[in-house]
Amino acid sequence: MRAVMALSGGMDSTGLLMRLLADGYKVDCISYEYGQKHNIELERAKANIEYLNQHGIDVIHSIVDLSSAMGIFESALLKGGEDIPEGHYEQDQMKATVVPNRNAIFASILYGYALSIALRENTNVVIALGVHSGDHAIYPDCRPEFYSALEHAFIEGNWDSEKVSFHLPYIEGDKELILRDASLAIGALNLDFDVVFANTNTSYNPDEFGRSSGTSGADVERILAFHAIGRKDPVQYVNSWEDVLESALRTEASHKDKQYLDRLSDLQYQVTRKSATEPAFSGMYWDEKRHGNYRCICCDHLLFESKSKYDSGCGWPSFHTEHESSGILRIADNSLGHSRVEVKCASCDAHLGHVFEDGPADFGGERYCINSASMEFEEE
Ligand SMILES: [Zn+2]
């Protein structure tokens, strides 16, 4: 099995390389020098290839110099470009880090290389790329539609194109999935996870010693991915791991908050994110009697079924039992000078209401007193 791939020196392509090797592919890698400010990534890519060689894994690695062509492009990512924006990777200002037509150029070269190998070795070759859904918002040239159109054009424009195909295993996944998969592949190859990922760079603005800033959108996404799989990122940051993690979590929380503000009504936002209470007998569902499911307004998580709803007379939707899979969180709440138990969505932490001990005895004696504004009803 033959593969060629773009090894940027970042974590996505490095993870992909590990997966291909674990699956038994013979891999040729191309890294591109294109005038990027963070060309420390090329040194990291070389270090990983060397590490693989030391462990008896042979990977052919070429560094292709495109800096004279792409050096005249305009992007914050390129030397001479404006400063790298900071913040969440899905925010609009991250568009400054797009390099015009970059992936079309990279994929074009890979296709020519793959076809050359296919003819020379008389074999089929896959072009493997570590693109993933986290890149879709800001980078149109990481989306599935783009690669499908590109492949179509390459097939039209080449002889023997049946020997070459694209392989994008993470296109619908995210950085967390890539790390989890890389961890399995690295285990299968008997390599060291921390060595492999210390030999990568994701930061768009590393300092002069090659340490990641932790502040560019790409950094934040990477830090959250390591956090999600319960590991410390082995790459060096300007600040301690604890500090960069805290700051990435803050960036993520404020990004989510902006999304809730955009998407929810004022009342829904105040109730779910600020623990407000809607006036009694005012909500959409206190008198709702149809059959169906009640889901979290913020994240769609299933909370209650209509069969556990009953008329308590309190003016808010009342349920005696939560859905068996909802896992609603219970938190002591002393905000009104007496103790109550607040209930929150297990999946997104949305405030839902409170649970009291005056429910129907036949069903366990509890009453979930829930704000209509925190739920969406779905009729069956
Ligand atoms: Zn939720």
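In β12, Val355 is the bridge partner of Val341, and the strands β11 and β12 that they belong to run antiparallel, joined by 4 bridges. The model is a predicted one, and in it these strands belong to an open sheet of 6 strands with antiparallel pairing. A second open sheet, of 5 strands, is parallel in its pairing, and the domain assignment of the chain gives domain 1 (2-202) and domain 2 (278-379), with C-alpha centres that lie 48 Å apart.

**The antiparallel sheet**

- The strand order of this sheet is β8-β9-β13-β12-β11-β10, with β8 (309-310) and β10 (329-333) as the edge strands, each of which pairs on one side only.
- Edge strand β10 is joined to β11 (residues 340-344) by 5 bridges, the two strands running antiparallel, and within this pair Ala332 stands opposite Val341 of β11.
- Val341 thus appears in both pairings of its strand, opposite Ala332 and as the bridge partner of Val355 in β12.
- On the β13 side, β12 (residues 351-356) pairs with β13 (residues 367-370) over 4 bridges, again in the antiparallel sense, and Gly353 has Ile370 of β13 as its bridge partner.
- The hairpin of β10 and β11 has 6 residues between the strands, and Gly337 takes a positive phi near 85 degrees there.
- The hairpin of β11 and β12 likewise has 6 residues between its strands, and in this hairpin Asp349 is the residue with a positive phi, near 70 degrees.

**The parallel sheet and helix α1**

- The parallel sheet has the order β3-β2-β1-β4-β5; β3 (60-65) and β5 stand at its edges with a single partner strand each, so one side of each is left without a neighbour in the sheet.
- On average, and with direction ignored, neighbouring strands of this sheet are turned by 25 degrees against each other.
- Strand β1 (residues 2-6) pairs with β4 (residues 125-128) in the parallel sense over 4 bridges, and Val4 stands opposite Ile127 in β4.
- Helix α1 (residues 11-22) packs on this sheet, where it touches β1, β2 (26-33) and β4, and the direction of α1 makes about 170 degrees with that of β1.

**Nonpolar cores**

- The largest nonpolar core has 64 residues, and those with the most contacts inside it are Met5, Leu17, Leu20, Ala114 and Ile127.
- Helix α4 (residues 102-121) gives the most to this core, contributing 7 residues.
- Residues up to four places away in sequence left aside, Met5 touches Ser13, Leu16, Leu17, Leu20, Val27, Cys29, Ile127, Ala128 and Leu129.
- Another core, of 21 residues, lies apart from the largest one and has Trp316, Phe319, Ile328 and Tyr368 among its members.

**Helix α10**

- Which residues of helix α10 (residues 266-274) are buried? They are Gln268, Val271 and Thr272, and seen down the axis of α10 these buried residues fall within an arc of 85 degrees, so they line one face of the helix.
- Asp266 and Lys274 are exposed on the other side of α10, while what covers the buried residues of the helix includes β12, the strand that carries Val355.
- Ser275 follows α10 and has a positive phi, near 60 degrees.

**Positive phi in two loops**

- Asp160, which is not a glycine, has a positive phi of about 60 degrees; this residue lies in the loop between α5 (144-157) and β5 (164-167), the latter being an edge strand of the parallel sheet.
- Is Asp160 buried or exposed? Asp160 counts as exposed because 9 other C-beta atoms lie within 10 Å, where the cut-off for an exposed residue is 12 or fewer.
- Asn190, also a residue other than glycine, has a positive phi near 60 degrees and is found in the loop between α6 (175-188) and α7 (193-198).
- Asn190 is likewise exposed, with 9 other C-beta atoms within 10 Å.

Terms used
Residues are numbered from 1 along each chain as its sequence is written. This is a predicted model: local features need pLDDT of at least 70, side-chain atom pairs count only at pLDDT 80 or more; totals for chains, interfaces and linings use all residues. A nonpolar core is a set of buried Ala, Val, Leu, Ile, Met, Phe, Trp, Tyr and Cys residues joined through C-beta atoms within 7 Å. A residue is buried if 20 or more other C-beta atoms lie within 10 Å of its own, exposed if 12 or fewer, and partly exposed in between; C-beta atoms are placed from the backbone. Two residues are in contact if their C-beta atoms, placed from the backbone, lie within 7 Å. Two strands pair if DSSP finds at least two bridges between them. Domain bounds come from an automatic or database domain assignment. The arc is that of the directions from the helix axis to the C-beta atoms. Axes are lines fitted to C-alpha atoms, for helices over the stretch in contact, and angles run from 0 to 180 degrees between N-to-C directions.
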